[in-house]
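Q: Could you take one part of this structure and walk me through it slowly? I'd like to see how that part sits in its surroundings, and how far I can trust the picture.

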Amino acid sequence: MDGMDTRNQRVPERGAGPRGDGDPNLDWLLARVARGDHGAFEQVYDRLAGPVYGLIRKVVRDPAQSEEVAQEVLLEVWRNASRFDSAKGGATTWVMMIAHRRAIDRVRSANAEAQRDQKSAIAEAASSLDEVAEAVEANLDRERVRRCLNSLTDLQRESITLAYYGGYTYRQVAGLLNMALGTIKTRIRDGLIRMRDCLGVGA
Amino acid sequence: MKLLWRDPHGPSGAYALDALENSERERFEQHLQRCESCRQEVRGLHDTATQLALAVARVPPPQLRGLVLEAAARTGQNLPVTDHRTGLQPRHARDQRRAGAPRLARVPRLLGVAATAAVAAVAVVLGFTAAAIQHRLDRAQAQEQAIVAVLNAPDARIVVNPVSGGGTATVVFSRASHKMIFTTAGLPPLAASKVYELWVLEPHAARPAGLLPAPSKGRTAPLLAAGLGPGDSAAVTVEPAGGTSQPTHKPIVAIPLTG
């Protein structure tokens, strides 16, 4: 396949597996990107720019900064596509991990930390559910995630949304919720495992 | 910490959400090397986190597509690296930052933006302020006026490339005026017996374009090169102190001046 242009090739059909875990179509596209195929990168962009931007926006909040971080992340996908290894995980997860790390790098920088106040953090976490519910493109995936988040205990849900969407460390989450460190660590793990089983994500 | 030590599996959830602090993350990654079942659990939890991410997808700003694709068209790709110790993908962002490379975010953002709007930001990228430019203008130094002229050229383009060995090189060039400005950030320091030398690589020849000045806060002051033609590239090599008339080593960075 080397040297051939993506535009002249049929992209393999998407697999039937759970979303975000092993999308052979996207894996294939990333392998093309790793060989410098700009056409494939365009398709990767069209598939993942929405999720990447949405996640970063959720964590970083400020639109201009979010756009900047999203650009950085998507360019990193281009630059480091050869480092993606489908044997170790799905392409969507690989990209979203980069996006999340870059987003929290941004909010955990010294300046950003100083600006964050605790009340708004908790209010933000509380509104996460609503936002998930009323997000731009209501779809089945979103509905499933909302339903599964609702199946958690309040403490599990709050810990997970503060950590993932809020970009806080579990230590900070413990401080915000005034709970013991070990409790938060356990709730995050239990809650995520419950989410995983609820969503039917293959492990 | 004691809890973590007694219950080595405990942090998998916080790890999957990037919610461990650095020391704990490193410790847990060490544990992962030895624990296949933990790796499996983490993989499943990472996929779960991905679902949380997909649930908040939103339409990106329309200009992002062009900016990203154009930046990719100008950006080289990295070779595969696998961390055999952990069997995990390396944390590129942190690794790069630890090595002293600056963030690329602001620069590609300028691509495709109207040149006038970009100038102020370009100046920031290059490490001097508008006031400093004005000050230099006031001093009426021809060299610096020429630099400002390139920044102000309606067709000014900016390209940032990583430098092998660390750091980045930034070129602002104007095809219409056949000139470019070259600057770097975060290059590793050299022994006193060596210098970084800038070249204009023409299709069949290399033309010396000056020695990079000593960096200030990691950045080198801009160098100006004139008389550029189609197909030329800007390149840097490491040469003996004083520089050479022809490159004696392979370039550590080469940026084609196209587009």
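A: Start with the contacts in chain B: among those between residues at least 6 apart in sequence, 58% join residues at least 24 apart. Keep in mind that this is a predicted model. Chain B has 9 helices and 8 strands, and buried residues make up 37% of its 259 residues.

Let's zoom in on strand S2 of chain B, residues 168-174. S2(B) belongs to an open sheet of 4 strands in chain B, in the order S1-S2-S3-S6, with antiparallel pairing. Strand S1 (157-162) and strand S6 (223-225) of chain B stand at the edges, and each has a single partner strand, so one side of each is left without a neighbour in the sheet. On average, and ignoring direction, neighbouring strands here are turned by 20° against each other.

Now look at S2(B) from both sides. Towards S1(B), the two strands run antiparallel and are joined by 6 bridges. You can pick out individual partners: B:Asn161 is bridged to B:Ala169 in S2(B), and B:Val159 is bridged to B:Val171 in S2(B). S1(B) and S2(B) make a hairpin with 5 residues between them, and in that turn B:Gly165 has a positive phi of about 100°.

Towards S3(B), residues 179-185, the pairing with S2(B) is antiparallel too, over 7 bridges. Here B:Val171 turns up again, standing opposite B:Phe182 in S3(B). Put the two pairings together and B:Val171 has B:Val159 as a bridge partner and B:Phe182 opposite it in S3(B). Another pair to find is B:Ser174, which stands opposite B:Lys179 in S3(B). S2(B) and S3(B) also form a hairpin, with 4 residues between them, and B:His178 in the turn has a positive phi of about 60°.

So much for the neighbours within the sheet; what about the faces? In a regular strand, side chains alternate between the two faces of the sheet. For S2(B), one side carries B:Thr168, B:Thr170, B:Val172 and B:Ser174, while the other carries B:Ala169, B:Val171 and B:Phe173; every one of these is buried, and both faces are covered. Counting a residue as buried takes 20 or more other C-beta atoms within 10 Å of its own. By that test 7 of the 7 residues of S2(B) are buried, so the strand is largely enclosed by the rest of the structure.

It helps to set this beside the other open sheet of chain B. That one also has 4 strands with antiparallel pairing, in the order S5-S4-S7-S8. Its edge strands are S5 (205-211) and S8 (253-256) of chain B, each pairing on one side only. Neighbouring strands in this sheet are turned by 30° against each other on average, direction ignored. Within it, 8 bridges join S4(B), residues 194-202, to S7(B), residues 233-240, and those two run antiparallel. One pair to look for is B:Glu197, opposite B:Thr237 in S7(B).

S2(B) isn't alone in being enclosed: over in chain A, helix H4 has 14 of its 18 residues buried, so that helix is also largely enclosed by the rest of the structure.

Chain B also touches chain A, and that contact takes 71 residues from chain A and 58 residues from chain B. The chain A side divides into 32 nonpolar, 16 polar and 23 charged residues. For a close-up, try A:His38, which sits in helix H2 of chain A. Leaving aside its neighbours within four places in sequence, A:His38 is in contact with B:Ala72 and B:Ala73. With 14 C-beta neighbours inside 10 Å, A:His38 counts as partly exposed.

Last, how far can you trust all this? Chain B has a mean pLDDT of 76, with 71% of its residues at 70 or more. Confidence there is highest in helix H2(B), residues 12-16, at a mean of 96, and lowest in helix H6(B), residues 92-98, at 38. Over residues 82-118 of chain B, pLDDT stays under 50, though the model has 73 contacts beyond four places in sequence for that stretch. Residues 1-5 of chain B stay under 50 as well, with 6 such contacts. The model as a whole scores ipTM 0.83 and pTM 0.57.

Terms used: Residues are numbered from 1 along each chain as its sequence is written. Chains are lettered from A and ligands numbered from 1 in the order in which they are written. This is a predicted model: local features need pLDDT of at least 70, side-chain atom pairs count only at pLDDT 80 or more; totals for chains, interfaces and linings use all residues. A residue is buried if 20 or more other C-beta atoms lie within 10 Å of its own, exposed if 12 or fewer, and partly exposed in between; C-beta atoms are placed from the backbone. Two residues are in contact if their C-beta atoms, placed from the backbone, lie within 7 Å. Ala, Val, Leu, Ile, Met, Phe, Trp, Tyr, Cys and Pro count as nonpolar, Asp, Glu, Lys and Arg as charged, and the others, Gly among them, as polar. Two strands pair if DSSP finds at least two bridges between them. Axes are lines fitted to C-alpha atoms, for helices over the stretch in contact, and angles run from 0 to 180 degrees between N-to-C directions. pLDDT is the predictor's confidence in each residue, from 0 to 100.
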